[in-house]
Amino acid sequence: MSQHNFNHPILKSYSLFTVFLCNALGSLYGTVLYGIDPTEKYGEVIAMAGANTQRDIGDPMTPFVRSVYESMLVKGHRELIHVDTEASTSDGRIKLCFFPIYDADQMIGLFVIYTSIELMCDARLVLNQFLGFDSAIDSKNKIPDIINDENLTLTKYMLQLIQEEIDSFSVPVSRMTMDEKRQIVQQLAKKEVFYVKDSVRSVASLLEVSVPTVYRLLKQE
């Protein structure tokens with residue numbers, strides 16, 4: 001059992017918010033609240049809700065969470081409102097947003113919201129549900145589907161994005177200049193296509209270039 005006391009009123013309010021926010025966002029998201037002892041720079045899970053966290057109440061910070069926490073301390077209090085980052089887990093890659101919780105000048109907690117990058121493709125479903133638009137006839141203001149095929153996998157969606165970007169040019173790939181291919185690669189990077197597994201290899205194949213060439217084009221301005 002933990003010897004640390006995390007009964008601060010601010011943390012208690014966040015404990016309730018942890019559950020509320022997950023209920024509002026839906027099952028695609030998860031939240032974890034860490035209580036922090038600023039004197040020992042120690043933190044542990046004091047509340048969580050939503051998607052599988054693979055964590056239990058009382059668990060200490062993972063090495064990844066601790067690294068984010070320590071980097072926030074280096075930046076200095078109040079300079080960071082939140083930190084967005086990503087991590088790899090046994091279930092795939094996830095997107096996380098860290099919010100520090102302060103009491104005066106000391107960080108006493110860390111509130112984390114996370115979701116699978118793959119599930120982010122269906123974030124529109126969460127927003128529609130949150131806004132109360134459960135069916136296509138509920139409202140003309142319903143957020144439109146970005147994927148028409150509900151059975152479309154993330155890999156297929158990635159390939160669709162790549163092909164659409166290629167098709168936006170009026171010349172076939174075999175006649176494209178390297179600068180045109182560079183523009184395509186960098187547009188795909190802005191759409192975060194390269195977070196998907198095998199994306200670099202897929203882009204290289206469709207652009208008829210090598211994998212190292214794709215990496216080189218990514219680095220160019």
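Q: Before we start, what does contact mean here?
A: Contact means heavy atoms within 4.5 Å. The model under discussion is a predicted one.

Q: Which residues is Val214 in contact with, leaving aside its neighbours within four places in sequence?
A: Val214 is in contact with Val185, Phe194, Val200, Val203, Ala204 and Val209.

Q: And which residues touch the most other members of the largest nonpolar core?
A: Those are Val203 and Val214, in a core of 21 residues. In soluble globular proteins, nonpolar side chains tend to be buried together.

Q: Which elements give two or more residues to this core?
A: Four helices do so: H4 (154–167), H5 (178–190), H6 (199–207) and H7 (211–219). H4 supplies the largest share, which is five residues.

Q: What lies apart from this core?
A: Another core lies apart from it, with 19 residues. Val32, Ile36, Val68 and Tyr69 are among its members.

Q: Let me step back. How many helices and strands are there in the protein?
A: The protein has seven helices and five strands. Along the sequence they follow the pattern α-β-β-α-β-β-β-α-α-α-α-α.

Q: What percentage of the residues count as buried?
A: Of the 221 residues of the protein, the buried ones make up 42%. As for contacts with a separation of 6 or more, 49% of them are between residues 24 or more positions apart.

Q: Back to the helices. At what angle do the axes of H5 and H7 cross?
A: They cross at roughly 75 degrees, and the axes come within 9 Å. Angles of 65 to 115 degrees count as roughly perpendicular, so H5 is roughly perpendicular to H7.

Q: Which residues make the contact?
A: On the H5 side they are Met178, Lys181, Arg182, Val185, Gln186 and Ala189. H7 contributes Thr213, Val214, Leu217 and Leu218.

Q: What about H6 and H7, how do their axes cross?
A: The axes of H6 and H7 cross at roughly 100 degrees and come within 8 Å. H6 and H7 are therefore roughly perpendicular to each other. In this pair, Val200, Arg201, Val203 and Ala204 of H6 meet Val211, Val214 and Tyr215 of H7.

Q: Which residues of H6 are buried?
A: The buried residues of H6 are Ser199, Val200, Ser202, Val203, Ala204 and Leu207.

Q: What follows H6?
A: Glu208 follows H6, and its place is in the loop between H6 and H7. Glu208 has a positive phi, near 60 degrees, although it is a residue other than glycine. Most residues other than glycine have a negative phi.

Q: Is Glu208 buried or exposed?
A: Glu208 counts as exposed, because its relative accessibility is 55% and the exposed class begins over 50%.

Q: Which residue takes a positive phi in the hairpin of E1 and E2?
A: That residue is Lys41. Its phi is about 55 degrees, and Lys41 is not a glycine either. The hairpin has four residues between the strands, and Lys41 is found in that loop between E1 and E2.

Q: Why does Lys41 count as partly exposed?
A: Its relative accessibility is 47%. That value is neither under 20% nor over 50%, so Lys41 counts as partly exposed.

Q: On to the strands. How many residues of E1 are buried?
A: Nine of the nine residues of E1 (residues 29–37) are buried, so the strand is mostly covered. Tyr29, Thr31, Leu33, Gly35 and Asp37 point one way from E1, while Gly30, Val32, Tyr34 and Ile36 point the other way.

Q: In what sense do E1 and E5 pair?
A: E1 and E5 (residues 106–116) pair in the antiparallel sense, over seven bridges. Val32 stands opposite Val112 in E5.

Q: How many bridges join E1 to E2?
A: Eight bridges join E1 to E2 (residues 42–50), and these strands run antiparallel. Here Thr31 stands opposite Ala49 in E2.

Q: Last topic, helix H1. What should its 17 residues span?
A: H1 (residues 9–25) should span 24 Å at 1.5 Å a residue. The end C-alpha atoms are 24 Å apart, which agrees.

Q: And which residues of H1 are buried?
A: They are Leu11, Thr18, Leu21, Cys22 and Ala24.

Terms used:
Residues numbered from 1 in each chain as written. Predicted model: local features only at pLDDT ≥ 70, side-chain atom pairs only at ≥ 80, totals over all residues. Heavy atoms only, no water. Buried < 20%, exposed > 50% of the residue type's maximum accessible area, 1.4 Å probe, protein only. Pairing = 2+ DSSP bridges. Expected span 1.5 Å × (residues − 1). Core = buried A, V, L, I, M, F, W, Y, C linked by side-chain atoms within 4.5 Å. Axes fitted to C-alpha atoms, helices over the stretch in contact; angles between N-to-C directions. Parallel < 35°, antiparallel > 145°, perpendicular 65-115°, else oblique.
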